[in-house]
Amino acid sequence: MIVDCGTCSVRGQRCDDCVVVALFEPASAEVLLDAAENGAVALFVGAGLVSVETAAGLRARREPWGAMGAVG
């Protein structure tokens, strides 16, 4: 399969939704925490293990696939 952005019918309008863009983002790009991660952080804050200020600045970091260990 060949993906060519030059022939894309929605180029410039839907690039933010494109899987090709997601594949080529920097591997360590920081992203916002998802609902499960926010829930875990809230538990840590509630237990006094993490301050509210620290929790407010937390971000997730996307790692390259090669950095992940084998599963299974």
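**Surface, fold and cysteines of a predicted model**

The protein's accessible surface adds up to about 6,200 Å², and 61% of that belongs to carbon and sulfur atoms. Areas here come from the Shrake-Rupley method with a 1.4 Å probe, and for residues only the protein chains shown count as cover. This is a predicted model, so to speak of local features takes a pLDDT of at least 70 and side-chain atom pairs count only at pLDDT 80 or more, while totals for chains, interfaces and linings use all residues. Residues are numbered from 1 along each chain as its sequence is written, and side-chain values use heavy atoms, with hydrogens and water left out.

On confidence, the mean pLDDT (the predictor's confidence in each residue, from 0 to 100) is 79, and 74% of the residues reach 70 or more. Helix H2 (residues 35-46) has the highest confidence at 95, while H1 has the lowest, at a mean of 72. Where pLDDT is low, the predicted coordinates should not be read in detail.

As for the fold, the protein has three helices and two strands, running α-β-α-α-β from the N terminus on. These elements are DSSP runs numbered from the N terminus, with helices being H or I of at least four residues and strands being E of at least two. Of the 72 residues, 8% count as buried; buried means under 20% relative accessible area, exposed means over 50%, and partly exposed is in between (1.4 Å probe, protein chains only). Taking contacts (heavy atoms within 4.5 Å) between residues at least 6 apart in sequence, 65% join residues at least 24 apart.

Ala60 sits in strand S2 (residues 60-61) and is buried, with a relative accessible area of 14%. Its C-alpha lies 5.6 Å from that of Glu30, although Ala60 and Glu30 are 30 residues apart in sequence. Val52, in helix H3 (residues 52-56), is exposed at 56% relative accessible area. The C-alpha atoms of Val52 and Val41 are 9.5 Å apart, with these positions eleven residues apart along the chain as the separation.

Out on the surface, Val19, Leu23 and Phe24 make a nonpolar patch of about 390 Å². Patches are built from residues with over 30% relative accessible area and no salt bridge, joining like charges within 9 Å and nonpolar side chains (Val, Leu, Ile, Met, Phe, Trp, Tyr) within 5 Å. A salt bridge, in turn, is a side-chain nitrogen of Lys or Arg within 4 Å of a carboxyl oxygen of Asp or Glu. Phe24 belongs to the loop between helix H1 (19-23) and strand S1 (30-31), and is exposed, with a relative accessible area of 68%.

Then there are the cysteines. The structure holds zero disulfides, a disulfide being a pair of cysteine sulfur atoms within 2.5 Å. Cys5 stays unpaired because the closest cysteine sulfur, in Cys18, is 5.9 Å from its own, too far for a bond. Cys18 is likewise in no disulfide. Cys5 is partly exposed at 41% relative accessibility, and Cys18 is partly exposed with a relative accessible area of 27%. Cys5 is placed in the segment before H1. The C-alpha atoms of Cys5 and Val20 are 8.9 Å apart, with the two residues 15 apart along the chain.
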